[in-house]
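Hello,

Here is the structure I promised to pass on. Please open it next to this email and follow along.

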Amino acid sequence: AFKAAVLIQQWYRRYVARLEMRRRCTWRIFQSIEYACEQDQIKLHNFFSYLMDQFTPSSSKERDFISRMFVSGESYKEAELEKCCDYESIEVPDSYTGPRLSFPLLPDHATALLEAFKQKQQLHARYVLNLLHETRKHLKQLPNISHVSTCYSEEVTVCGDLHGQLDDLFLIFYKNGLPSPSKSYVFNGDFVDRGKQSLEILVILFSFLLIYPKEVHLNRGNHEDHMVNLRYGFTKEVMQKYKVHGKKILRMFQNVFCWLPLATLIDQKVLIIHGGISDTTDLNVLEKIQRDKFISVLRMKKRKESSRKPEIQTVNGESKSDSEAAGNEAAPRFSLQPQSAQAPSTANRLEFSRWLRQTVQEQIDTCRRMVDISESEPEELTYSSMVSLKDVDEPCWTRQEEWKQVLDILWSDPMPQEGCRENKVRGGGCYFGPDVTEKFLEKYSLQFLIRSHECKQEGYEFCHNRKVLTIFSASNYYEIGSNRGAYVKLGPDLIPHFVQYQANKTAHMLTMTQRQGIPVALISRVEESAFRALREKLFAHTSALISAFKAYDGDNTGRITLSNWATAVESVLRLGLPWRMLRPQLVRSTEDGMLEYKSWLDDLAMEQRSQEHIQSSLLEVIYRNRSNLETIFRIIDRDHSGLISFEEFQQTWKLFSSHMNIELTDDGINDLVRSIDFNKDGNIDFNEFLEAFRLVKQCP
C-alpha cells in the first residue's frame, strides 16, 4: 500500500508538472505575439516619422495638410479645443432614452451611467463632450504626481489595466464597492484598446473623478496615446459608436489623455506608475514636466523647423536640402540615395502594378532598416531616437530628456537581471533590474513600487525581492480562462491585500466545478487558442520560412531535421519561443526525425484557407500585413471618417514619392487613385484599400 501511494504521488506530480509546463508555454506564446505586435506598431510609426522629418513641402497648403496628417506631438490650441467641444450646439432629441448628465455631477448620475451601460445603452454625444470638457478642466489643475493619504480613508484600492473590459470594472465595483469619501481608488492606466467598451469605462471613471476628486485618481498608461489607439481599437470604437460627432470626441479624448497625471504617491511611501522606471528616472524632473505636450510619446519632435536652416542645392535638376544630400543630420549614420525611376503608363495596369510593387517595397524596406535601431548603436537614448545630442541645442535636449522620462515610466518592464537596458521586446522603454529598483527606492525613501503594463496569470506578481508589484485587472485577457484579474488594497500599514476574480461566466463555472483539481479543460481551451494564433503567425511568414528551410536543405530533398526546423522558425519569427518544446503541437511526429517542410506548410495553408476563400499566397500577405495596413489607412484617414479622400491619398503619395524620387505626374496620381476607387464614389474605403494592396501583390 505504501509503495502504491508513493507511485500515485509520483505520477500525480509528473502530471501536474506537465500541465504547468503546458500552461507556461501557452502563456509564452500569447505574450510573445502581443509584444511582437507592439514592435510592429512602433516600427511603423518610426517609418512615418522618418518620412515626415525628411519631407520638404512644396507649398503652404501641402505643408498644412501633411502636418495635419502626421504630426502627433503638437498640442492643440485652446481656441481649437473650445470649438471642438461646442457641446451646447448639439441637440438631444426627445426620443433619446439614455442617461442624462447635468453638472456638477452627483453620485446618482454615476449610478445611472452604470445601470445604463449594463443595459447596453449609449450616452449621447452632447453629454460625452460635456463630460470631457469638465474632466479636462479638472485634470489641468492636478500635478504630474498625485498624492494620496490613507489618513482620509481606511484603505486605497489600486487597479491595473482594464483594456476596454467593462465587465471587469463592474465586478471590481461589485466586490469592493463604488468610489466614495471612504473608498479611494487609483486606476493605473491602460483603460482603453483591445476590449470593446473602452469608451464606457472612461465615461464611468471620469464621472467618478469629478464627483470624488479627492478619492479617485487616474494615471496615464502607454495606451492613453492616440497613435497607439489607431492600431488597437479605441479610435475605431469611438467612430463606430458616434458616427456624427466621433471626430470631435476623439480630439477631446486625445487632449484629455495628455493631461492625465503620470504617477500617484501613497503616504509618500508607495509609488504607482504604469510601466516602470529606468536608471535615469527622476521624480523631480517628472514633477516639473509640461505633460500636456506629450499627446503621443511614440514620437519626439527632434528639432524646431526654424533651427534647421537647410541650404538648398540642385541635384539632378531637383532642389534638395543639404541635410538630405548629406544623409540628413537627424539620422547621421544613414544615407538615403533613391534612384530615379520613370513610372510606366498607368494605362497598362499590369506593368504599372509590377513597377509599383517593386519600387515601393524596395524603398519601404530601406526606410525600415533606417529607422530600426541596430545593435551597434548603444549611444542612442531610446528605441526611436535618431538625434545625436551633440547636434541639438539646449532646449531640444531638455525636451528630449523630458520625453525619455515619460517614455520610460509608461513603457518599461522589470527584469530579474541587474542593470538597465533597452526594452527590445516591446520596442519602447527599458528593462530595469533589482539594483535599479533598490537605488530608486532608497533615493526617494520609498517602500515599494506598484506598476501594471504586463498581464499576469494570477492578476498580480511580486518581483525584485517584493519591492515591485505588478497588478493587472483585465481578466481573460488573451482568452477565456487565460488569466485572473486582480486589484490590491492598501491600508495605513501599507501591507497589500489582493482580491482576484474572473469576470467571464464560462471561466467562473469551469473553475468552480473543478475546484478540487487542475482545470484541465480550461488549460486545453486556452492552449488551443494560443496555438491557433501561433499557426496564423507561421502561415503569415510562409515565404520566409521556405527560404530558411532551404538553407538547411542543401540537397533539395524537401526534408530537414526537426532541430533545424526549430532553428529556422526562430530565425524568421524571432519570438523567443522554445520551439523544440512546442514542436509536438505544431509538427507531426516522424520515425526518422525528419520533416517534409513543404507538406507541413501546405497543411498550414489548408487550415487558413478553410476560413478564408482566398488564394493562399494572397492570404499569407494579408495575414502578415493587415494590422499595418489598417493602421496606415487610419493615419491617412485623418478625419477618421472611414474613407480616404482623393486629396488625402494624393498628398500621401507625394510624401512617399518625394523620397523615392518617382517621377509621377498629378494626372498619373489621379489615374491611380481612380483605379483604386472601385465603386466610383469619390472616396477609398478600407476594403478598396485592402483590395488594391492584394491586386498589386497578385501581379507576378
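**Salt bridges**

A search of the whole structure, which is a predicted model, turns up 14 salt bridges. Here are some of them.

Start with K241 and E200. Their side chains meet in a salt bridge, at 2.8 Å from N to O. This pair links distant parts of the chain. K241 sits in helix α9 (residues 234–241), and E200 sits in helix α7 (residues 198–211). The two residues are 41 residues apart. How accessible is each partner, K241 and E200? K241 has a relative accessible area of 22%, so it counts as partly exposed. E200 has 7%, so it counts as buried. The cut-off for buried is under 20%.

Next, find K456 and E454. Their salt bridge has an N to O distance of 3.8 Å. Both K456 and E454 are buried.

Then look at E458 and R484. Their side chains form a salt bridge at 3.7 Å, N to O. What does this pair tie together? E458 lies in the loop between β13 (448–451) and β14 (460–463). R484 lies in the loop between β15 (468–471) and β16 (485–490). The pair therefore ties together parts that are 26 residues apart in sequence. E458 is partly exposed, at 37% relative accessibility. R484 is partly exposed too, at 32%.

There is also a network. Salt bridges that share partners join D413, R426, R451, E454, K456 and E461. You have already met E454 and K456 as a pair.

**Strands β2, β3 and β4**

Now move to strand β3, residues 184–187. Which way do its side chains point? S184 and V186 point one way, while Y185 and F187 point the other way. All of these residues are buried.

β3 pairs with β2 (residues 156–159). The two strands run parallel, and 4 bridges join them. Within this pairing, C159 stands opposite F187.

β3 also pairs with β4 (residues 216–218). This pairing is parallel as well, over 3 bridges. Here the bridge partner of F187 is L218 in β4. Look at F187 closely: it faces C159 of β2 and is bridged to L218 of β4.

How does the chain get from β3 to β4? It crosses through α7, and this β-α-β crossover is right-handed. Helix α7 is the helix that holds E200. A right-handed β-α-β unit is also made by β2, helix α6 (residues 166–176) and β3.

**A sheet of 3 strands**

Next comes an open sheet of 3 strands. Its order is β10-β12-β11, and its pairing is mixed. Which strands stand at the edges? They are β10 (413–414) and β11 (420–422). Each has a single partner strand, so one side of each is left without a neighbour in the sheet.

Trace β11 to its partner. It runs antiparallel to β12 (residues 430–432), and 3 bridges join the two. C420 has F432 in β12 as its bridge partner. Note D413 too: this member of the salt-bridge network falls in the range of β10.

**A hairpin**

Go on to β16 and β17 (residues 496–501). These strands run antiparallel, joined by 6 bridges. L490 stands opposite P496 in β17. How many residues lie between the strands of this hairpin? There are 5. L494 in this hairpin takes a positive phi near 60 degrees.

**A record to compare**

UniProt has an unreviewed entry for this chain. It lists "domain: EF-hand" for residues 540–575, 624–659 and 664–699. Take residues 540–575 in the model. The span is 64% helix and 8% strand. Its end C-alpha atoms lie 14 Å apart.

**The whole chain**

Last, step back. The protein chain has 26 helices and 22 strands. What share of its 700 residues is buried? The figure is 55%. Now take the contacts with a separation of 6 or more: 73% of them are between residues 24 or more positions apart. The accessible surface comes to about 32400 Å². Carbon and sulfur atoms account for 49% of that surface.

Best wishes

Technical notes:
Residues numbered from 1 in each chain as written. Predicted model: local features only at pLDDT ≥ 70, side-chain atom pairs only at ≥ 80, totals over all residues. Heavy atoms only, no water. Pairing = 2+ DSSP bridges. UniProt positions renumbered as here; feature names shortened; annotations may be inferred. Salt bridge = Lys/Arg side-chain N within 4 Å of Asp/Glu carboxyl O. Buried < 20%, exposed > 50% of the residue type's maximum accessible area, 1.4 Å probe, protein only. Right-handed = clockwise from strand over helix to strand, strands pointing away. Contact = heavy atoms within 4.5 Å. Areas by Shrake-Rupley, 256 points an atom, 1.4 Å probe, with all protein chains shown as cover.
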